[in-house]
Amino acid sequence: MKRINPLIFLGIICFAISSCNISGKPDKGNIEVDSLRIVSLNGTVSEILCDAGLEKQLVGVDVSSTFPISLKDIPKVGHNKKIPIEAVLALNPNLIIGTKEVPTETVEQFRQAGMRVILVDQEYSINGSRNMIKSITDSLKLKEKGDSILKRFDQDIQLVQAFEVENPKPKVLFIYARGTGTMMVGGNNTQVAKMIQLAGGLNVAKDFEEYKPLTPESLVNYNPDVILLFSSGLSSLGDKNGFMEVQGVKQTRAGKEGKIINMDGQLLSGFSPRLPNAIKELHTKIHE
């Protein structure tokens, strides 16, 4: 039998060791960008990945991933708090990225299946958006891309930050709707409440935290200057004409003056790289 050159044999051993971690499994921490197969479990994560040039690496996204519009052609894997494990694994990903809102048991199942998982904080503020962009791009060793996104973000955000201190502030009421059977009022400590503040408005429902069911009495008592809904929510009520028939709406200042406005849900509440655009659009609509 022909003997193998010792130097060649040594080279084969070194290559094998460098390709594996101590457990003998592929080191998923060193996957090349071009070979990534990513499942994103958050709409803002998906936007950041696309901004960083990784749209072609996305093999699955959650239902909140609606921008850019081309993501509609990518398989959907549910909502970030209710992810079907088997459906995600069937897409054969080698990287799963989401926020720390993904349930711990879900993350553990992905890791037990050998998946590399990156989870980032999502704080609904200007700095929170910056930190999320940086965390994701740094984790993927795309610092230059991240710096470019942040440079554009900072330039744009400077143009809209003054809105927060503008006066007078229109009184805005946000209603989350999924048909007339599901209508909730947004209170303090919600993404939309923070957006209203950044856009130079006043969230009139400030007597409670998070969300509570809408009642005709509360609607009349708040008497907002403007009523704000997600575009999908307004559509579920039959658009503006249908919403005007909701009990109590016509008795408010907003109803009497026709100040019923809507915005895309991911744009309004995602605190993504498009945050400056969202603040500007909301400012324009509530001050018209």
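A polar contact is a pair of N or O atoms within 3.5 Å, and within protein one of the two must be able to donate a hydrogen while the other must be able to accept it. With that idea in hand we can begin at the start of one helix in this structure, which is a predicted model. Asparagine 42 caps the N-terminal end of helix α2, where a side-chain oxygen of asparagine 42 lies 2.8 Å from the backbone nitrogen of threonine 44.

From this cap we can follow the helix itself. Helix α2 covers residues 43-51, and because 8 of its 9 residues are buried, the helix is largely enclosed by the rest of the structure. The buried residues are Gly43, Thr44, Val45, Ser46, Glu47, Ile48, Leu49 and Cys50. What do the buried residues of α2 pack against? Their partners include the strands β1 (38-40), β2 (58-61) and β3 (95-99), and also the helices α5 (126-139), α6 (143-158) and α12 (265-269). Just after α2, the chain reaches glycine 53, which takes a positive phi of about 85°.

One of the buried residues of α2, Glu47, leads us on to another part of the chain, since arginine 274 touches Glu47. Arginine 274 sits in the loop between α12 and α13 (275-287), and it counts as buried because its relative accessibility is 13%, where buried means under 20%. Leaving aside residues up to four places away in sequence, arginine 274 also touches Phe67, Asp264, Gln266 and Leu267.

Phenylalanine 67, one of these contacts of arginine 274, brings us to the peptide bonds of the chain. Most residues other than glycine have a negative phi, and most peptide bonds are trans. The bond from phenylalanine 67 to proline 68, however, is cis, with omega near 0°, and proline 68 lies in the loop between β2 and α3 (85-89). Another cis peptide bond joins asparagine 167 and proline 168, where omega is about -5°; proline 168 belongs to the loop between α6 and β5 (171-177).

We turn next to the open spaces in the model. Rolling a probe the size of a water molecule over the atoms shows where empty space is left. The largest pocket has a volume of about 870 Å³, and its lining is made up of 30 residues, of which His79, Tyr176, Gln191, Phe230 and Ser269 lie nearest its centre. Which elements give two or more residues to this lining? They are α2, α7 (191-198), α9 (231-236) and α12, so named in order along the chain, and α12 gives the most, with 3 residues. Sorted by class, the lining of the largest pocket holds 7 nonpolar, 17 polar and 6 charged residues.

The second largest pocket contains about 210 Å³ of space. It is lined by 14 residues, and the closest to its centre are Asn188, Asn189, Ala193, Lys194 and Gln197. Two or more residues of this lining come from each of α7 and β7 (202-203), with α7 giving the most, at 4 residues. By class, the lining of the second largest pocket has 3 nonpolar, 7 polar and 4 charged residues.

Asparagine 189, which is among the residues closest to the centre of the second largest pocket, also has a backbone feature to look at. Although asparagine 189 is not a glycine, it has a positive phi of about 60°. This residue is placed in the loop between β6 (183-186) and α7. Is asparagine 189 buried or exposed? It counts as exposed, because its relative accessibility is 57% and exposed means over 50%. Glutamate 210 is another residue other than glycine with a positive phi, here near 60°. Glutamate 210 lies in the loop between β7 and β8 (211-213), and with a relative accessible area of 42% it is partly exposed.

Our last stop is strand β4 (residues 117-120), where leucine 119 is found. Leucine 119 is partly exposed, because its relative accessible area is 26%. The C-alpha atoms of leucine 119 and isoleucine 97 are separated by 5.9 Å, while the two residues are 22 residues apart along the chain. When residues up to four places away in sequence are not counted, leucine 119 touches Gly98, Thr99, Lys100, Val102 and Val107.

Definitions and conventions
Residues numbered from 1 in each chain as written. Predicted model: local features only at pLDDT ≥ 70, side-chain atom pairs only at ≥ 80, totals over all residues. Heavy atoms only, no water. Buried < 20%, exposed > 50% of the residue type's maximum accessible area, 1.4 Å probe, protein only. Contact = heavy atoms within 4.5 Å. 1 Å grid on protein atoms, 1.4 Å probe; cavity = no way out; pocket = protein on both sides within 12 Å on 5 of 7 lines; lining within 4 Å. Points joined across faces, edges and corners; volume = space filled by probe spheres on them. Nonpolar A, V, L, I, M, F, W, Y, C, P; charged D, E, K, R; others polar.
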